[in-house]
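Work through these exercises with the structure open beside you. Try each task before you read its solution.

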Amino acid sequence: MRVTIHQPEHLPWLGLLAKVAASELWIVLDSVPYRKNYFQNRNRVLLDDRSTWLTVPVTAPFGTRIRDARICEVPSWRRRYRGRLIQAVSGTSCANRVGDLLSVIDSAPLGGLLADLNLDLADWVLSQFDVKVPTVRSSELDATGTKSELILNLCRAAGADEYLAGPSGRDYLNLDAFAEHGITVRFFDFDHPKYAQGCDPFVPRLSAVDAWSRVAPADLPSLLSGYRLSAS
């Protein structure tokens with residue numbers, strides 16, 4: 001079984017969707033510390049031809065695990081978030097369908113867990129790209145360690161015989177240890193596609209919501225097909 005492991009990004013980008021689509025199981029890495037000002041509670045959309053953040057405020061003291069980070073109900077964050085999202089898709093072919101996405105945001109309970117919201121959003125986005133891959137949270141698996149050791153132990157706990165790693169894995173994974181346990185490591189390099197975005201130059205690595213709003217539904221899965229797998 002081919003497994004990939006990745007933290008639960010907020011409104012993930014095309015590269016994460018593609019890596020999940022190329023796998024048979026996504027282990028959601030929610031048992032590691034929350035990282036402030038990263039992609040766990042925010043992502044970027046195109047607003048007036050500029051990259052703009054959509055942000056969910058969180059309560060996460062230093063050392064808090066991703067699974068325990070909670071949405072902080074500061075005044076009007078949902079109204080501001082909704083307004084930016086609606087404006088970002090305004091004038092696109094999907095502007096009249098953004099209500100389904102907004103309902104996911106609205107359904108997050110007051111003070112709820114960020115990871116729950118992120119996975120609900122990821123499920124919604126993946127479905128728009130016709131990706132159907134099961135998930136399991138790392139906090140549900142019996143695996144300990146840090147960095148390469150943790151990744152290996154998660155793969156073993158899930159019964160993986162192949163691990164699909166991101167490019168940064170080349171810097172820290174102990175490939176010999178994976179080989180000793182009969183797990184093949186392949187590195188996933190994503191070639192970001194270009195599509196009609198309405199601005200020049202093209203802005204890559206936005207939330208996949210940007211592509212969803214501008215590309216015909218039948219053409220969305222093909223945006224995830226441009227990647228390379230290698231052993232090093």
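The exercises below go from the whole chain to single residues.

**Before you start**

This is a predicted model, in which local features need pLDDT of at least 70, side-chain atom pairs count only at pLDDT 80 or more, and totals for chains, interfaces and linings use all residues. Residues are numbered from 1 along each chain as its sequence is written, and side-chain values use heavy atoms, with hydrogens and water left out.

**Exercise 1. The whole chain**

Task: Find how many helices and strands the protein chain has, and check its radius of gyration against the globule rule.

Solution:
- Step 1. Count the elements. The protein chain has 7 helices and 10 strands. Helices (H or I, at least four residues) and strands (E, at least two) are DSSP runs, numbered from the N terminus.
- Step 2. Apply the rule, which is 2.2 Å times the number of residues to the power 0.38, with the radius taken over C-alpha atoms. For 232 residues, a compact globule would have a radius of gyration near 17 Å. The protein chain has 18 Å, so the two agree.
- Step 3. Look at the box. Along the principal axes, the C-alpha atoms fill roughly 55 × 40 × 25 Å.

**Exercise 2. Burial, contacts and charge**

Task: State what share of the residues is buried, and what share of the contacts with a separation of 6 or more joins residues 24 or more positions apart.

Solution:
- Step 1. Fix the terms. Buried means under 20% relative accessible area, exposed over 50%, and partly exposed in between (1.4 Å probe, protein chains only). Contact means heavy atoms within 4.5 Å.
- Step 2. Read off burial. Of the 232 residues, 50% count as buried.
- Step 3. Read off the contacts. Pairs 24 or more positions apart make up 66% of the contacts with a separation of 6 or more.
- Step 4. Add the charges. There are 26 positive and 26 negative side chains, and the centres of the two sets lie 7 Å apart. Lys and Arg count as positive and Asp and Glu as negative; His and the chain ends are not counted. Each charge is placed at NZ of Lys, CZ of Arg, CG of Asp or CD of Glu.

**Exercise 3. Helix H4**

Task: Test the span of helix H4 (residues 114-128), then see what follows the helix.

Solution:
- Step 1. The expected span is 1.5 Å times one less than the number of residues. For the 15 residues of H4 that gives 21 Å. The end C-alpha atoms are 21 Å apart, which agrees.
- Step 2. List buried residues of H4. Among them are Leu-114, Leu-117, Asn-118, Leu-121 and Val-125.
- Step 3. Recall the helix pattern. An α-helix has 3.6 residues a turn, so residues three or four places apart point the same way.
- Step 4. Move past the end. Asp-130 is in the loop between H4 and strand E7 (135-137). Its phi is near 60°, a positive value in a residue other than glycine.

**Exercise 4. Gln-40**

Task: Decide whether Gln-40 is buried or exposed, and find its contacts.

Solution:
- Step 1. Locate Gln-40 in the loop between strand E2 (25-28) and strand E3 (42-47).
- Step 2. Gln-40 has 2% relative accessibility, so it counts as buried.
- Step 3. Leave aside neighbours within four places in sequence. The contacts of Gln-40 then include Gln-7, Tyr-34, Ile-66, Leu-114 and Asn-118.
- Step 4. Take one pair. Gln-40 and Leu-114 are 74 residues apart along the chain, and their C-alpha atoms are separated by 8.2 Å.

**Exercise 5. Helix H5**

Task: Describe helix H5 (residues 147-158) from Lys-147 to what comes just after the helix.

Solution:
- Step 1. Lys-147 has a positive phi of about 50° although it is not a glycine. At 63% relative accessibility, Lys-147 counts as exposed.
- Step 2. The 12 residues of H5 should span 16 Å; the end C-alpha atoms are 17 Å apart, which agrees.
- Step 3. Buried residues of H5 include Leu-150, Ile-151 and Cys-155. Their cover includes strand E1 (2-6), E2, strand E8 (162-165) and H6.
- Step 4. Leu-150 has a relative accessible area of 9%. Beyond four places in sequence, Leu-150 is in contact with Leu-29, Val-32, Ala-143, Thr-144 and Gly-145.
- Step 5. Just after H5, Gly-159 takes a positive phi of about 80°.

**Exercise 6. A cis bond**

Task: Find what kind of peptide bond runs from Asp-200 to Pro-201.

Solution:
- Step 1. Pro-201 lies in the loop between E9 and helix H7 (209-214).
- Step 2. Omega is near 5°, and the bond from Asp-200 to Pro-201 is cis.
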